[in-house]
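Work through the following exercises with the structure open beside the text. Try each task before reading its solution.

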Amino acid sequence: MSNPISASSIVPERQLTIVGVSYTNSNPNGVRFTPIAHGGWKITDHINNYSSECLNQFFYANGYPTHIIIWLGQNQTPQESSALSAGNNTVIKNNYKTLIGKYSDVVNSAIGVRPKVLLISQYQAGYYPETHALIAKAQYEISQENPKVSFFNLYKEAGGKNFDKVTYLSDGVHIVTGK
């Protein structure tokens, strides 16, 4: 079952763009997957552009999550990019921690439970391998510091140079379906 929703009528001063649909299984043991996505956004965009009230309304409308998957990092702020280029992952690590804290605080305030979080690193697409490795390292470190956070190293599993490049458009980022 899918349930398209627009939160613009819920919080008109913060236009929350919901891309996609909510997938649910009516079985009580089922799963619900509701993405919050906005193409081209950076971690800080998700921190700064969605107020806690806006996120609360979104979660209220769609169900408060027990698990959150964060797969961000391909798009970076100038500060993140400069630090990573200098071999320092502190800026991006702090931004991930801020985002995790914001989402977790909103859910905890509403239902009294902090969700589990899965950080997924980027596959190699457009940055030097050292940059991808530093981002994955930051995510791994967060997972070691916070027992509610897990980490999947997609960079290690799917790319560096091992990733099947023929599944991409010529821009090297967007997956071609049906291959």
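The exercises below go from the overall fold to single residues, and the model they use is predicted.

**Exercise 1. The overall fold**

Task: State how many helices and strands the protein has, and give their pattern along the sequence.

Solution:
- Step 1. Counting the elements gives six helices and five strands.
- Step 2. Reading along the sequence, their pattern is β-β-α-α-β-α-α-β-α-β-α.
- Step 3. The protein has 179 residues, and 37% of them count as buried.
- Step 4. Of the contacts with a separation of 6 or more, 65% are between residues 24 or more positions apart.
- Step 5. The protein exposes about 10200 Å², of which carbon and sulfur atoms supply 53%.

**Exercise 2. The sheet**

Task: Find the order of the three strands in the open sheet, and explain why strand 3 and strand 5 each have one side without a neighbour in the sheet.

Solution:
- Step 1. The strand order is 3-4-5, and the pairing is parallel.
- Step 2. Strand 3 (67-70) and strand 5 (149-152) are at the edges; each has a single partner strand, so one side of each has no neighbour in the sheet.
- Step 3. From one strand to the next, the twist averages 20°.
- Step 4. Strand 4 covers residues 116-120, and four bridges join it to strand 3 in the parallel sense.
- Step 5. Opposite Leu-118 of strand 4 stands Ile-69.

**Exercise 3. Helix 5**

Task: Describe where helix 5 lies, what span it has, and what covers its buried residues.

Solution:
- Step 1. Helix 5 is made of residues 129-145 and lies across strand 4 and strand 5; its angle to strand 5 is about 150°.
- Step 2. The 17 residues of helix 5 reach 24 Å from first C-alpha to last, close to the 24 Å expected at 1.5 Å a residue.
- Step 3. Among the buried residues of helix 5 are Leu-134, Ile-135 and Ile-142, and also His-132 and Gln-139.
- Step 4. The cover over the buried residues of helix 5 includes helix 3 (78-85), helix 4 (90-111), strand 4, strand 5 and helix 6 (154-158).

**Exercise 4. The largest nonpolar core**

Task: Identify the residues with the most contacts inside the largest nonpolar core, and the element that gives the most to it.

Solution:
- Step 1. Nonpolar side chains in soluble globular proteins tend to be buried together.
- Step 2. Here the largest nonpolar core has 26 residues, and Phe-59, Ile-70, Tyr-96 and Tyr-103 have the most contacts inside it.
- Step 3. At least two residues of this core come from each of helix 1 (43-49), helix 2, strand 3, helix 4, strand 4 and helix 5.
- Step 4. Helix 4 gives the most to this core, with seven residues.

**Exercise 5. Two residues, Phe-59 and Asn-95**

Task: Decide whether Phe-59 and Asn-95 are buried or exposed, and list what each touches.

Solution:
- Step 1. Phe-59 lies in helix 2 (residues 52-62).
- Step 2. The cut-off for buried is under 20% relative accessible area. Phe-59 has 5% relative accessibility, so Phe-59 counts as buried.
- Step 3. Beyond four places in sequence, Phe-59 touches Ile-36, Tyr-64, Pro-65, Tyr-103, Val-106 and Val-107.
- Step 4. Phe-59 and Val-106 are 47 residues apart along the chain, and their C-alpha atoms are separated by 8.8 Å.
- Step 5. Asn-95 is in helix 4. Its relative accessibility is 15%, so Asn-95 counts as buried.
- Step 6. Leaving aside neighbours within four places in sequence, Asn-95 is in contact with Ile-43, Thr-44, Ile-47 and Glu-80.

Terms used: Residues are numbered from 1 along each chain as its sequence is written. This is a predicted model: local features need pLDDT of at least 70, side-chain atom pairs count only at pLDDT 80 or more; totals for chains, interfaces and linings use all residues. Side-chain values use heavy atoms; hydrogens and water are left out. Two strands pair if DSSP finds at least two bridges between them. Axes are lines fitted to C-alpha atoms, for helices over the stretch in contact, and angles run from 0 to 180 degrees between N-to-C directions. Contact means heavy atoms within 4.5 Å. Buried means under 20% relative accessible area, exposed over 50%, partly exposed in between (1.4 Å probe, protein chains only). The expected span of a helix is 1.5 Å times one less than its number of residues. Accessible areas come from the Shrake-Rupley method with a 1.4 Å probe; for residues, only the protein chains shown count as cover. A nonpolar core is a set of buried Ala, Val, Leu, Ile, Met, Phe, Trp, Tyr and Cys residues joined through side-chain atoms within 4.5 Å.
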